[in-house]
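Hello,

Here is the structure I promised to pass on. Please have a look at it first, and then read my notes below.

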Amino acid sequence: MRPIAVDVAILLPPAGQRRFQRLNAVYPATDGRGFRFDDTHHPHVTLGQHFVDLDGVEAAQAVLTSVFARQSPIDLQITGARSGRTSHAAVVNPSSDLQRLHERVLRALESHEVTGTRDAFQVDDHPARDADVRWVTRFRPDSAFDRFDPHITIGIGPAPPTLAPWRLTANAVALCRLGRFCTCRDRLADWTL
């Protein structure tokens with residue numbers, strides 16, 4: 001078995017991507033202390049984070065295709081910003097549509113989940129942290145279903161951002177490889193809602 005760490009993610013439309021790139025640009029990104037949104041670091045809303053077997057990725061894509069085949073574009077309402085221990089995030093209202101989609105993704109991928117380590121993450125820059133492995137390992141019990149907390153991570157750093165409420169409509173979902181800080185990295189599959 002060759003586990004990889006993946007994120008099933010709602011990707012933002014171009015205007016939203018640009019807005020989050022500007023917000024992210026104020027945080028440090030050198031020496032593995034942070035990250036920059038770019039062509040391989042995508043601002044997103046996580047629907048689920050999982051370890052799956054590399055040889056089972058096509059099967060996981062197939063079940064996700066059935067989930068997304070009947071999904072309309074999804075409205076995202078950003079209600080402000082918050083800070084955690086190390087990161088800052090935009091808070092996304094957990095609408096009933098977003099909650100249902102999250103739950104469908106979690107149910108669809110349950111039989112595809114395996115155990116993973118730091119080696120399961122994308123390592124073309126700085127390696128994953130132990131905290132990243134714990135986060136993905138504990139995603140289902142700690143962050144799923146009634147504990148789902150939709151957000152868009154903005155950056156890693158000392159100063160929290162100021163973010164006014166706004167809305168956007170997203171019509172793209174991707175299965176991405178996870179990197180350091182559980183960033184959404186290379187896209188393994190894409191779907192249009």
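**Salt bridges, sheet and cores**

Asp97 is partly exposed, with a relative accessible area of 40%. Please keep in mind that this is a predicted model. The side chain of Asp97 forms a salt bridge with that of Arg100, at 2.4 Å from N to O. Arg100 is also partly exposed, at 46% relative accessibility. The two sit 3 residues apart in helix H3, so about one helical turn separates them.

Helix H3 holds another such pair: Arg107 and Glu103 meet in a salt bridge of 3.7 Å, N to O, and they are 4 residues apart, again about one turn of the helix. Here the two ends differ in burial, as Arg107 is exposed at 51% relative accessible area, whereas Glu103 is buried at 19%. Elsewhere, salt bridges with shared partners connect Asp124, Asp125 and Arg185 in one network.

The count of salt bridges comes to 11. One of them brings together Asp55 and Arg2, with 2.7 Å from N to O. This pair links distant parts of the chain, 53 residues apart: Asp55 belongs to the loop between E2 and H2, and Arg2 to the segment before E1. Asp55 is exposed, with 59% relative accessible area, while Arg2 is partly exposed at 46%.

Now to the sheet. It is open, with 4 antiparallel strands in the order E2-E1-E7-E8. Strand E2 (44-53) and strand E8 (184-192) form the edges, each pairing on one side only. From one strand to the next, the twist averages 25°. Strands E1 (residues 3-11) and E7 (residues 172-178) are paired over 6 bridges, and Leu11 stands opposite Ala172 in E7.

Two helices lie across these strands. Helix H2 (residues 57-68) crosses E1, E2, E7 and E8, at about 45° to E8. Helix H4 (residues 130-137) lies across E2 and E7, at about 90° to E2. In H4, Asp132, Val133 and Val136 are buried. Viewed down the axis of H4, the buried residues fall within an arc of 100°, so they line one face of the helix. They pack against E2, E7 and helix H5 (139-143).

Finally, the cores. The largest nonpolar core has 45 residues, of which Ile10, Phe20, Phe68 and Leu76 touch the most other members. Helix H3 (residues 96-109) supplies the largest share, 6 residues. Apart from this core lies another, of 9 residues, including Phe51, Ala120, Leu178 and Cys182. Among the residues that Leu76 touches are Ile10, Val45, Leu98 and Trp166.

Best wishes

Technical notes: Residues are numbered from 1 along each chain as its sequence is written. This is a predicted model: local features need pLDDT of at least 70, side-chain atom pairs count only at pLDDT 80 or more; totals for chains, interfaces and linings use all residues. Side-chain values use heavy atoms; hydrogens and water are left out. Two strands pair if DSSP finds at least two bridges between them. Axes are lines fitted to C-alpha atoms, for helices over the stretch in contact, and angles run from 0 to 180 degrees between N-to-C directions. Contact means heavy atoms within 4.5 Å. A nonpolar core is a set of buried Ala, Val, Leu, Ile, Met, Phe, Trp, Tyr and Cys residues joined through side-chain atoms within 4.5 Å. Buried means under 20% relative accessible area, exposed over 50%, partly exposed in between (1.4 Å probe, protein chains only). The arc is that of the directions from the helix axis to the C-beta atoms. A salt bridge is a side-chain nitrogen of Lys or Arg within 4 Å of a carboxyl oxygen of Asp or Glu. Lists of a residue's contacts leave out its neighbours within four places in sequence.
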